[in-house]
Amino acid sequence: EYSPDPESVLPELQHNALAKDGHTILIPTPSDDPADPLNWSSTKKHFVLLAISWTALLPDYGSATGAVTLLPQSEIWKLSPDTVNHSQVGNVFMLGAGGVVVVALSAYSGRLPVLFWFLVISTATAAWCASADTFDSFMAARILNGFFSTVK
C-alpha cells in the first residue's frame, strides 16, 4: 500500500492540519475555536444532521399527509374528491414556488429574517387551515401554507 508523506505530496498544503491518523490532510483546516463546526464531536455533528434532515422532510410530509384526507374532506365539504384535490395540488405546487422565493429573499435580506417570518406565517396558515369554515377558505390557507412551509 502506497502512503506518501503528506508534506511531500503538495508543498502548499504543509500548513494544513493532519487528522488523528497522521496521514489525512484536513481541508479546510479546523480553527482553534471550539465553536468551529469542524471541531464538533461526532455525536453533535450527527445530531445536527438529523435535525436538519428531519426539518427538510417536514414540508413534503405535511403536504403528503393531506392526500389521505381527501375522501373524508369531500364528505365534509360536500364536494367531489377531484375538487377537494385542488387544495392538495396547490399546496404541492407552492412548495416548489416558495423555494425559489426563499432563496432569492435569503440572498437579499439574510436567512434568519426569512426563516423567522416564513415560520410565523406558515404557523398562522396552518391554524387557518384547521379553523376554515368554507372550502374556499381552506384551499386558500392550504395553498399559502405550502408557499410559506418551504423554509422549514
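How many aromatic pairs does the structure hold? Keep that in mind as you work through these exercises on a predicted model. The structure holds seven aromatic pairs.

**Exercise 1. Classify the ring pair of Trp 77 and Phe 138, and place both residues in the chain.**

Solution.
- Start with the geometry: the ring centres of Trp 77 and Phe 138 are 5.8 Å apart and the planes are at 35°.
- Planes under 30 degrees apart would count as stacked and over 60 as edge-to-face, so this pair is tilted.
- Next, find the residues: Trp 77 sits in helix α3 and Phe 138 in helix α6, 61 residues apart, and the pair links distant parts of the chain.
- Then check accessibility: Trp 77 and Phe 138 are both buried.
- Finally, look at the neighbourhood: ring pairs join Trp 77 and Phe 138 with Phe 135 in a cluster.

**Exercise 2. Work out how helix α2 runs relative to helix α4, and which residues make the contact.**

Solution.
- Begin with the axes: those of α2 (residues 42-65) and α4 (residues 81-109) come within 9 Å and cross at roughly 170°.
- Angles over 145 degrees count as roughly antiparallel, so α2 is roughly antiparallel to α4.
- Add the handedness: α2 passes α4 in a left-handed crossing.
- Now list the contact: α2 contributes Pro 59, Asp 60, Ser 63 and Ala 64, while α4 contributes Gln 88, Asn 91, Val 92 and Leu 95.
- Sort these residues by character, and you get four nonpolar, three polar and one charged.

Methods:
Residues are numbered from 1 along each chain as its sequence is written. This is a predicted model: local features need pLDDT of at least 70, side-chain atom pairs count only at pLDDT 80 or more; totals for chains, interfaces and linings use all residues. Side-chain values use heavy atoms; hydrogens and water are left out. Axes are lines fitted to C-alpha atoms, for helices over the stretch in contact, and angles run from 0 to 180 degrees between N-to-C directions. Helices (H or I, at least four residues) and strands (E, at least two) are DSSP runs, numbered from the N terminus. Angles under 35 degrees count as roughly parallel, over 145 as roughly antiparallel, 65 to 115 as roughly perpendicular and the rest as oblique. A crossing is left-handed if the near helix is turned anticlockwise from the far one by less than a right angle, and right-handed if clockwise. Contact means heavy atoms within 4.5 Å. Ala, Val, Leu, Ile, Met, Phe, Trp, Tyr, Cys and Pro count as nonpolar, Asp, Glu, Lys and Arg as charged, and the others, Gly among them, as polar. Rings of Phe, Tyr and Trp (its six-membered ring) pair if their centres lie within 6.5 Å; planes under 30 degrees apart count as stacked, over 60 as edge-to-face and the rest as tilted. Buried means under 20% relative accessible area, exposed over 50%, partly exposed in between (1.4 Å probe, protein chains only).
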